[in-house]
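Please look through the structure shown below before reading on. The report that follows takes up a few of its parts in turn, under short headings.

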Amino acid sequence: MRRRTFLGAAAVGIAGAVVPALGAEPASGKPFRIYRVTYRGRTEVEDGFDDYLAANGVPVEFIERDANRGAVPMADFVAEIRELKPDLVYTWGTPVTLGIAGRYDAKDKQDFITDIPIVFALVASPVAAGLVADREHPDRNLTGAVHVVPTETQLRAMQSYRPIGRLGVLYTASEQNSVSIIEELRRLQGTMGFGLVERQFRVDAEGRPSPDGIEELVGEIAAEGANWLYLLPDTFLGTQYDRVTPAALAVKLPTFGAAELAIRQGGALVALISRYYSVGQLAASKAVKILRNEVPVGQIPIETLKRFSLIINMPVAKQLELYPPIDMLNYAEVLTG
Amino acid sequence: MSGLRIQFSVAIIAVLMAALVFLSFQTARRAETILQPQIEKKADVVARSTVALVERALELGIPLDRLEGAAAHFESILAGNPDLSFIELRDASGRVLYGAHSKAGGEKPGDRANELAMPLGKVGSAPVVVAVGMDPAYARQVVSTLWLDLLIIMFVTALVALELIYVGFGAGLYGAIEGVESRLRTIRKGDLRLHPPVEADSEFGRFARALDERLARLHAAYEGLRKQVGERSDAVSQRALDMLRERFGLGEGVVATPVQVIAMRAPLFVFMLAEELTRPFLPVYIRSLATPIPGLSQSFVISLPMIAFLTVVALAQPFLGSVTERMGRRSSLMSGAVLGLVGYVASAFVGDLVELTVARMVSAVGFALVFASAQGHVIDSTDIRHRSSGMAMFIGAILVAGLCGPPIGGILADRIGIPGTFIVAGLLSACSFVLAYLCMPTHTARRAHGPAIRWRDFGPILSSPPLAALFFLCAMPAKIILVAFCFFLVPLQMEAMGATQSMTGRMLMIYPIAMVLLVPFFAALADRRNKRAHFVAVGGLLAGLSAFAVLVDAGSFLPIVLMLLGLGIGQAMSIAPLSGLVGELGRALSPSVNENSVYGIFRLVERTGNALGPLVAGTLLGVYGFSTTVAIIGGLTAVCAVLFLAVIGLLRPAKFQLHATGS
Amino acid sequence: MFRLALRTLPVFAVIIGFAVFLAAYMNFSGVRSAYLDLIRSRMAMIAEGIGGDITAAESLGIGLAEQATLPRLLSMQASTDPRMLSIDVAAEDGKVLFSSDVGRVGMQDDAGTDAGAFRLQQRIVNDFDAPVGSVILRLDRTAMDAEIDALRFEILRGAVPAAVAAVLAGCLLCLGLLTLLHRRARHTAEASSGDDPISRAAEEMRGLGGEVRL
């Protein structure tokens, strides 16, 4: 839900404009220059980023670039950055960040930017991607904001809506991210005291996941006594909400989404997500620390948000006849239609 | 004046209690008028926010009968607001749909006077009401929680003030009243010995003089009769006269009433009060300053300043006897008070553990000086025969300070903070200085007594089996368990259980109360029955076994109360017989051994036990946790007591049968 | 006896009087704490409610400065208590962005010069725990202070009769005890009855032939 459309449009229009200086200025008196590379065009992350800078009185001039979902080679951006020498580079998502900053242990650092500070947003697992060795101490020219809500936090949100007896999960076996989440769930079983029902998407002849038999799989999960279905951040699952959630509704199985899409369009009952806007603000807070020379970039830890947004889908709740505890209404966003 | 003083105490405390009851009723009424409107306003805010929440739920389409977690939500509000007694959601007929009630709510819902009902505004269907109940007894509850604090403050204020009666009355009048009382007491018992004279300024002084004259005439007549009978060589009459002497003490010496002893009681009491103020919070304060030292557990680190304090006291004690003698008891007590003042004020402002340890060590030197000066004054003012009653007064002052100090310290710490309480302790030290200046005599007749401890007596004393057993199986464990429990473990545990400092201070009163009430009783009993050694052993056993009370229920305060009670009773049983037994065995040991040496080494052993207390407790606490540590220390004490009993049985039993008259 | 009373009774009077007033003061102090706690908890509840609304909007992307629904919300909350001077929402630097009292908008909020108000300030943090501003509730202090002063006056005034009664009773009791001692002393010193041990000892000595005059 884009409530900032007017401001978003204005921001796009003034890309490269100067925001009046209210606070500290760079030594030369000119605005800071940020080279920004987005992946699929402007998103709310950028809105949050820009608003934070404006609210803190940081004068900035943006050099906007877009990777067009990977169509543009990253090397082009690297070359341009070397030429323009901005004060800061901003990257959106793992592919862009890997392409511009490179792995921390890359042998040939020549292809990547290593001397200009880079702030990323929306990298799900920087350590797993090889961008840094340690989130607390990046020890390189890279830091940023992660948008993934820790699994344990999600389980606790689920628990407070309705206690988890047995958790059902449907995932793609070939996705490394999903597999590691399943392992984590298995570990959390013991400490949090719930049962786990796992199912994998069927694969077709080429080994790619197939939407075949989703309804049966969901049915099996419900039959084994699961009382929640966890829609984990699995890429394939993210394309199949329109089949999974109706199937779950049909067997009266409540669904918990880990991505904003799952609940806004996907029909999940409840989701705990990082708002892109806030992720942008968090990334901007790190950018400000770098631009004002308060902390060297290698010592700024990579962080996630401290507070996440809980979204409840009321029509689904009505259909399932499973209403949220009323004090959740104090802090959750409720979708009514 | 002890009899009269006790009567004054009872009278004043009774009057204060009555005044307190009256004040509390008045305060409760006033409290209600001022608190009730605020409670109503708060109930209004609670009702409003609840209404808003329920309205939002209904707006979103949640049916009224499907408001999940409503009761739990109400419960959490009640938990944070003790002045509210219930929150309910009712339908038009008054039927409760969801509700939560606090335990204190003795009011029935539906009691309109104490309830605020607010209807939901927006939703059309049926008029639904949020009702918030206010606890009408809240004001009373506020006042009653004050009651316990006040009771203790009144009690303690009365005791403290009565200690200072000496100053209020003036030495002359005090001495005169004391003189009259002791004369009446001895005469009533049939002890007709003479008394040292008192000032005759006051009415009581004149009575004392009159009594003295009667006694003097009696004694003169006796002397005359003796001479007569002697000239007559009348054997029968001689024997009759001897019996008269035995019965009435005619011709005997003078009853030494330790009037001058009292001079040290006020400054000593006030200084000890200062130190006892710190008991409830000292370990907690140390912990707040402590930085972890690698390799040592945190509890051990906390114990370090306390060990330092007690070690300085232990080491200084043997030397200060002669130091205070040379300096003069008054000057050395005043110096001690100054050092105490410096130490306490410094403790309020220190920033880390090392500085606190140094401040405590300065206080320790002050403490040792005051202790030694006061003790020396007692020795100066009494002769051997009445040394023990003078000492009893000395110990009494310390015990009463130990009784009054912790609760005051706890309450002060809660209200003005720990550094503020240290400053109050400093002020008390300053008062002690002033009192010593005013009350203590500048010159006292010095009694010639030998050196405090002759170090070559160490060997024979410690190698004598009965004395060694007594020292190391009874005296040392008794101090270890006392310091470990009362100074270290209980304050830390109370704080961990969430108790306020006031509660901790009250808890620490249990031991001194037991001691103050029971020591005289058990001391007399043990002496009469000639069973000193058994009393020591049984007392130690009881003190040790009572530690196991804490294993029962870790959550409540009752086990700690029982443990401290058992400790107090057990030590009350053993403390006086222990001291007496030391003297007995020392005298029986060998004539070459100086009795002073025996007592000196006894005190040294006790002080070492003091210093070991936090060491043992700190080490064990770091490894095992509270209950197990208490059980271990208690168990070991009990085992030592049993071993001592065995030693009594095995060693020449005759050695332990002591005659009352010989003491 | 009168001189004796004059010397000793003031001591008791001071002790008892001091103790009674100490008790009264502690009573007052306890009730005052309860009173202030009630007020503070009520204000905290209001502040939390407002803060929660602000935070929810913040995370939806509406920055603090843009939350146009706030003025109405603040006036509504402030109107529930006639003694509420104002409810403000201020930015991090202290500048008042919204207020139930329109005159305060744009002012710099300063706790130091705000002597007439009883204040509660609650910080608002955003999703990554960075402060974005605060909610400030200001209650009229004069009425509160007047109530507290009245309470103090009444409790202490009520303590006076208690103190007087206690002092009288205590002094009388102590005087009585002293008088008892006095009487016993006189009795024994003047040997009015011949029954005490001194007289008995004298009797026995006379029996042995001695001359005893007491």
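## The parallel sheet of chain A

In this predicted model, strand β1 of chain A, made of residues 32-38, runs parallel to β2(A) and is joined to it by 7 bridges. One residue of this pairing can be followed individually, since the bridge partner of A:Thr38 in β2(A) is A:Asp66. The two strands belong to an open sheet of 6 strands in chain A, whose order is β2-β1-β3-β4-β5-β11 and whose pairing is parallel. At the edges of the sheet stand β2 (60-66) and β11 (303-304) of chain A, and because each has a single partner strand, one side of each is left without a neighbour in the sheet.

Two helices can be described in relation to these strands. Helix α2 of chain A, residues 44-55, lies across β1, β2, β3 (88-92) and β4 (118-121) of chain A, and its direction is at about 170° to β1(A). Helix α4 of chain A, residues 93-101, lies across β1, β3, β4 and β5 (142-146) of chain A, running at about 140° to β3(A).

## Positive phi angles in loops of chain A

A:Lys85 is a residue other than glycine with a positive phi, the value being near 45°. A:Lys85 is found in the loop between α3 (74-84) and β3 of chain A. Is this residue, A:Lys85, buried or exposed? Its relative accessibility is 58%, and A:Lys85 therefore counts as exposed, the cut-off for that class being over 50%.

A:Glu321, which is not a glycine, has a positive phi of about 55°. The loop that holds A:Glu321 lies between α12 (314-320) and β13 (333-335) of chain A.

## The antiparallel sheet of chain C

In chain C, 4 strands make up an open sheet with antiparallel pairing, in the order β2-β1-β4-β3. Its edge strands are β2 (96-99) and β3 of chain C, each of which pairs on one side only. On average, neighbouring strands of this sheet are turned by 25° against each other when direction is ignored.

Strand β1 of chain C, residues 84-91, pairs with β2(C) in the antiparallel sense over 3 bridges, and C:Val89 stands opposite C:Phe98 in β2(C). Helix α2 of chain C, residues 70-79, packs on the sheet by touching β1 and β2 of chain C, and its direction makes about 150° with that of β1(C). Helix α3 of chain C, residues 141-190, also packs on the sheet, touching β3 and β4 of chain C, with a direction that makes about 55° with that of β4(C).

Strands β3 (residues 117-125) and β4 (residues 131-140) of chain C run antiparallel and are joined by 9 bridges, with C:Leu120 standing opposite C:Leu137 in β4(C). The two strands β3(C) and β4(C) form a hairpin with 5 residues between them, and C:Asp129 in the turn has a positive phi of about 65°.

## Chain B as a whole

Chain B contains 21 helices and 4 strands, and its C-alpha atoms fill a box of roughly 125 × 60 × 45 Å along the principal axes. Of the 663 residues of chain B, 56% count as buried. Among the contacts in chain B with a separation of 6 or more, 78% are accounted for by residues 24 or more positions apart.

The area that chain B exposes is about 26,800 Å², of which carbon and sulfur atoms supply 64%. Chain B has 55 positive and 46 negative charges, and the mean positions of the two groups are 8 Å apart.

Methods
Residues numbered from 1 in each chain as written. Chains lettered and ligands numbered in written order. Predicted model: local features only at pLDDT ≥ 70, side-chain atom pairs only at ≥ 80, totals over all residues. Heavy atoms only, no water. Buried < 20%, exposed > 50% of the residue type's maximum accessible area, 1.4 Å probe, protein only. Contact = heavy atoms within 4.5 Å. Areas by Shrake-Rupley, 256 points an atom, 1.4 Å probe, with all protein chains shown as cover. Lys, Arg positive; Asp, Glu negative; His and termini not counted. Charge placed at Lys NZ, Arg CZ, Asp CG, Glu CD. Pairing = 2+ DSSP bridges. Axes fitted to C-alpha atoms, helices over the stretch in contact; angles between N-to-C directions.
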